[in-house]
Each structure stands twice: as structure tokens, then as C-alpha cells.
Amino acid sequence: MRISGQTRPYAVLGHPIGHSLSPVMHNAAFEALGMDAIYLAFDVPPERLMDTLTALKSLGFGGVNLTIPLKETAFAGLTDVDDTARRFRAVNTVRFTPDGFQGFNTDGQGILRALRESFDLQLRGCDVFILGCGGAGRAVALMCAVEGASQIRLADRTPARALRVAEEIRLLAPQISVSTSTLTDAPQACHSAQLAIQATSVGLKPGDPSLLPSSAFHRGQWAYDLIYHVAETPWMAAAAQAGAKTANGLGMLLHQGAESFTIWTEREAPIDVMRRALENALYNKE
Ligand code: NAP
């Protein structure tokens, strides 16, 4: 990669940020397309976000991604945001314009494209189970509602969290049947669904168990784990043992990034190049 006097910088901002894989996939994309651009990562605490955006804009940055915990801060600070960002109350992509900033949320498209690609699955009419109603689980649940899932079954270790997301879905799409369960009832709810999504952080640490046993899954079911740090998570292994089709969260990470890339550059993202860069960084470490 060569840096010239005209290299256009992009960045991901978060706090902390050292773990981010966004530089890996975006720099691979710039290189593959022969673009004079570079993608960096900066640790920015929430209280400095808006000043940092102003500074990066004046330095000529092409755009930024935002990750934990800045997505909600950006939503509160930006006035021009797209529908998905408004729905999720979170911004993960900022475009700099002559007049200021435009906020987007590409996480919703990320999960939709990942499910389509992994399972050839459309959410319309689908019976979905979601384990974990934190930031990511909530976003996925709302996307399922927007896309017309027929039934959404939510489970969370903290029942109040699942109830809050259920209430949001009822307001957004009253026709959808929504139910909540605790971790104790979760195996039954999971077994009844066509698509099961794992959105907790359990599975991130080596030695983490699957939160559900293989008896919670059935043959032909689709099982998607948002975790992507290993090729097969414990939850995917449990689902596969029952004959479910499984995929990890790499596709969601990839496709949200690809959509951000297109928003900034107005060019089609080189998906295969970006996927290979992520797979190399994650799974071919030795
Ligand atoms: P978060 O807001 O902190 O939520 C964490 C969730 O995990 C909550 O539902 C929490 O339950 C649950 N949890 C944590 N420890 C648990 C345990 N021991 N037993 C049962 N449940 C437990 O995090 P997030 O941003 O939603 O991220 C969740 C996962 O999605 C992470 O693994 C993250 O890596 C992954 N993710 C992937 C992508 C992607 O692009 N593929 C994007 C975003 C996130 P409580 O409500 O009880 O705390």
C-alpha cells in the first residue's frame, strides 16, 4: 500500500477499538480496486465523538464507521439519519457531506444479506427465535419485524430485556406474534422456530459452552450465530448435531462493511476480497 499526498483516509471509531476487523476488510477492498485510500482505527470516547467527526471531516476523511459504544452517541448527535438508524436508534456509518454529516445503519442490511447468502432465506413469513436481546439481538429482532417475520420468539437471561424488545416489536408491527422466554424455556421456543439466531456474547471466550443443547434444534432448521471469531461456534456445533444448517456471523460483519463501503465510495464492494481478508485474519493465524 502506497501513501500519496492525495490518499483519502477512512476510519472506524470505537472505545476500545483494538479488536476491530474493519481495517482488514476495507484496506483489502481499496487495494483490490486500486484506490488511493487507507482505512484506520481510532479509540474515541463517547464524549469526544462529535468533535472528532468535525475534525475528521475537516481533514478530508471520506467517511467513518462507528462501533461500541459510539453508535447511540452518534444517533443522539446527528440530525440527518436514514430509516434504519432511526429505527435502531444507532448509527454505524457516517458520510461527510458539504453541509455536515449523514448517518446510516448498515447492520440491518448486513444480517439480511448474510441470511440470504448462507441459507437462501427470506424473513417474510418466517418463524424466528432470537437468543439474546442486547444491542445486536435487538437490532436483528427489529429487522425481522420490518421484513415481515410471522412470529418472533425472544429469549434473554434478563427477562426485562426480552420484554422491552417485544414491546418495541408490537409497536412497530402489531400483526406479528411475539413471545418471550427465559433461558429455562428457551430450548422449547428454539425448537419450534424455523430460524434460530444466537445473539449473546456466550461463545466468544475459548471454552464457552453452547447455551442450548442439541435437543433444542431440529433437522432442516436454520441456525445463525452472530459470533464469528471461530469458524464453528459451540452453538453451531450443537445445532449441527441435530441436523440444522448453520452459519457464523462473518457474513453479517462482511455485508454491513460492504454496504458502508458503497455509501462512501459509490462503488460496488469487492465482497470476495473482503471475505477472504476477514477469513485470513480470523482463521489462518498461525
Ligand atoms: P450486548 O449488548 O452486550 O448484549 C450481550 C447479550 O449477551 C445480552 O443479551 C446478554 O444477556 C447476553 N449474555 C451475556 N452473557 C451471558 C450469559 N452468561 N448467559 C446468557 N446470556 C448472556 O452485546 P451485543 O452488541 O448485542 O453483541 C452480542 C454478540 O453479537 C457478541 O458476541 C458480538 O460479538 C456479536 N455481534 C456480531 C456482529 C456481526 O457483525 N456478526 C455484530 C454485532 C454483534 P443479559 O441481557 O442478561 O445481559
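**A tour from the ligand outward**

Start by selecting the ligand, which sits in the largest pocket, where sitting in a pocket means that more than half of a molecule's atoms lie within 2 Å of its grid points, and a pocket is an open set of points on a 1 Å grid over the protein atoms alone, with room for a 1.4 Å probe and with protein on both sides within 12 Å along at least five of seven lines. This is a predicted model, in which local features need pLDDT of at least 70 and side-chain atom pairs count only at pLDDT 80 or more, while totals for chains, interfaces and linings use all residues. Residues are numbered from 1 along each chain as its sequence is written, and side-chain values use heavy atoms, with hydrogens and water left out.

Next, select the shell of 23 residues that surround the ligand, the closest being Gly-135, Ala-136, Asp-156, Arg-157 and Thr-158; a residue counts here if one of its heavy atoms lies within 4 Å. Domain 1 (8-105 + 252-283) and domain 2 (115-248) both contribute to this shell, so the ligand lies between them, with domain bounds taken from an automatic or database assignment. Helix H6 (135-146) and helix H10 (250-265) each supply at least two of the shell residues, helices being DSSP runs of H or I with at least four residues and strands runs of E with at least two.

Now show the polar contacts, that is, pairs of N or O atoms within 3.5 Å. A polar side-chain atom of Asp-156 lies 2.6 Å from an oxygen atom of the ligand, and a side-chain N or O atom of Thr-158 is 2.5 Å from an oxygen atom of the ligand. At Gly-249, a backbone N or O atom lies 3.0 Å from a nitrogen atom of the ligand.

Finally, move to the loops. Pro-16, in the loop between strand S1 (8-14) and helix H1 (22-32), follows a cis peptide bond from His-15 with omega near 5°. Pro-69, between strand S3 (63-66) and helix H3 (70-77), is joined to Ile-68 by a cis peptide bond with omega near 0°.

Note on methods:
A polar contact is a pair of N or O atoms within 3.5 Å; within protein, one must be able to donate a hydrogen and the other to accept it, and residues adjacent in sequence count only if both atoms are side-chain atoms. On a 1 Å grid over the protein atoms alone, a cavity is a set of points where a 1.4 Å probe fits but cannot get out, and a pocket is an open set with protein on both sides within 12 Å along at least five of seven lines; lining residues have an atom within 4 Å of a point.
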